[in-house]
Amino acid sequence: MKRIKRAALCLLLIFLVVFPLSYDNAYVHILLSQTLVNIVIVMGLNFITGLTGQMNLGTAGIMGLGAYTAALFSTRLGVSPWIGFLLAIVMGLAIGWMLGYPSLRLKGVYLSLTTIGFSEIVRLILTNWVELTGGTMGVQGIPHISLFGYALDTSRKVYYLYLAAVVLLAFTAWRIVHSKWGRVFKAIRDNVEAVEACGIDIAKIKIQAFTLATVFGCLGGAMYAYLMGYLNPTTFTTDLSANYLIMMMIGGIGSVPGNILGTAMITLLPECLRFLGTNYWLYFSIIALLFAIFLPNGLVSLFGGEKNLGRFWMPKKQKSGRRA
């Protein structure tokens, strides 16, 4: 069974590599790249909401700051997109500390309102600070990524770069979830009083969780900026934040493989249903509702849960010790 699962994973990766080569359609390539961008952002949201249990509805604002940071430095100062990615990560670190501290005093709906307010403040700043952000006209002429002097000037080339990045980031997120950090995050979600009684610094852990979420979110925003080549503040709305939360819930809360499955479904399924005409969004909503009702633990539960699907990624550890 383990060999079958690993073979299935290999076939999936081969398909993701071969399909863009056999299907020459820029729109499909951009859609697949957008899916990869969304996966990065949802994996970040999973750290703070899925694992730690802190409701974050400010993902759109985080993504927007990361996107504009990278785009403005590349267009206004002419820095390399790779430097833009690094600056977006720095922005994520700063936002993580800024959003992490309110989480120490706020819980539940109050923290949700705080993150929503943060996202709306970001959107209004991006809209009204015309001299810097371009206002409603947005940022245009964002340069292409160049790798060792080779310009990634087509949607297919960008897709392959993002695919490699997502594989690396997903592996990193998987290791964090199953590390000491991940176990403490889950413990805070399940019983914060018990964790505090063990002498663990709750404040430090919550700030770390927010920082991981914002770094992944800003990095995803920078990826989005260099993919689209154009930014507009109307993209980063509260609806976008809710959409990322739905992706995480449909896939499986707290699960990295679930993040990937849920994001792929919510991003790609509406496009697959467009043949239904103007009512396609109604059918999509019904399908998503049915998944939420009959699969409350997410799509990952179809594969036996996080542990079983996780064997795709990591081999099973051998038990040590002597027999009695």
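Colleague: Which residues in helix 7 meet which ones in helix 10?

Modeller: Val158, Tyr162, Leu169 and Ile176 in helix 7 meet Leu212, Phe216, Leu219, Met223, Tyr226 and Leu227 in helix 10. Contact means heavy atoms within 4.5 Å, and helices are DSSP runs (H or I, at least four residues) numbered from the N terminus. This is a predicted model, where local features need pLDDT of at least 70, side-chain atom pairs count only at pLDDT 80 or more, and totals for chains, interfaces and linings use all residues. Residues are numbered from 1 along each chain as its sequence is written, and side-chain values use heavy atoms, with hydrogens and water left out.

Colleague: How do the residues of that contact divide into nonpolar, polar and charged?

Modeller: There are 10 nonpolar, no polar and no charged. Ala, Val, Leu, Ile, Met, Phe, Trp, Tyr, Cys and Pro count as nonpolar, Asp, Glu, Lys and Arg as charged, and the others, Gly among them, as polar.

Colleague: Switching to rings, how many aromatic pairs are there?

Modeller: The structure holds 10. One of them is Tyr159 with Tyr160, edge-to-face at 5.3 Å centre to centre and 65 degrees between the planes. Rings of Phe, Tyr and Trp (its six-membered ring) pair if their centres lie within 6.5 Å; planes under 30 degrees apart count as stacked, over 60 as edge-to-face and the rest as tilted.

Colleague: Is Tyr159 buried or exposed?

Modeller: Tyr159 is buried, at 2% relative accessible area, while Tyr160 is partly exposed at 23%. Buried means under 20%, exposed over 50%, partly exposed in between (1.4 Å probe, protein chains only).

Colleague: Which residues form an aromatic cluster?

Modeller: Tyr68, Tyr224 and Phe236 form one.

Note on methods
Helix = DSSP H or I, 4+ residues; strand = E, 2+ residues; numbered from the N terminus.
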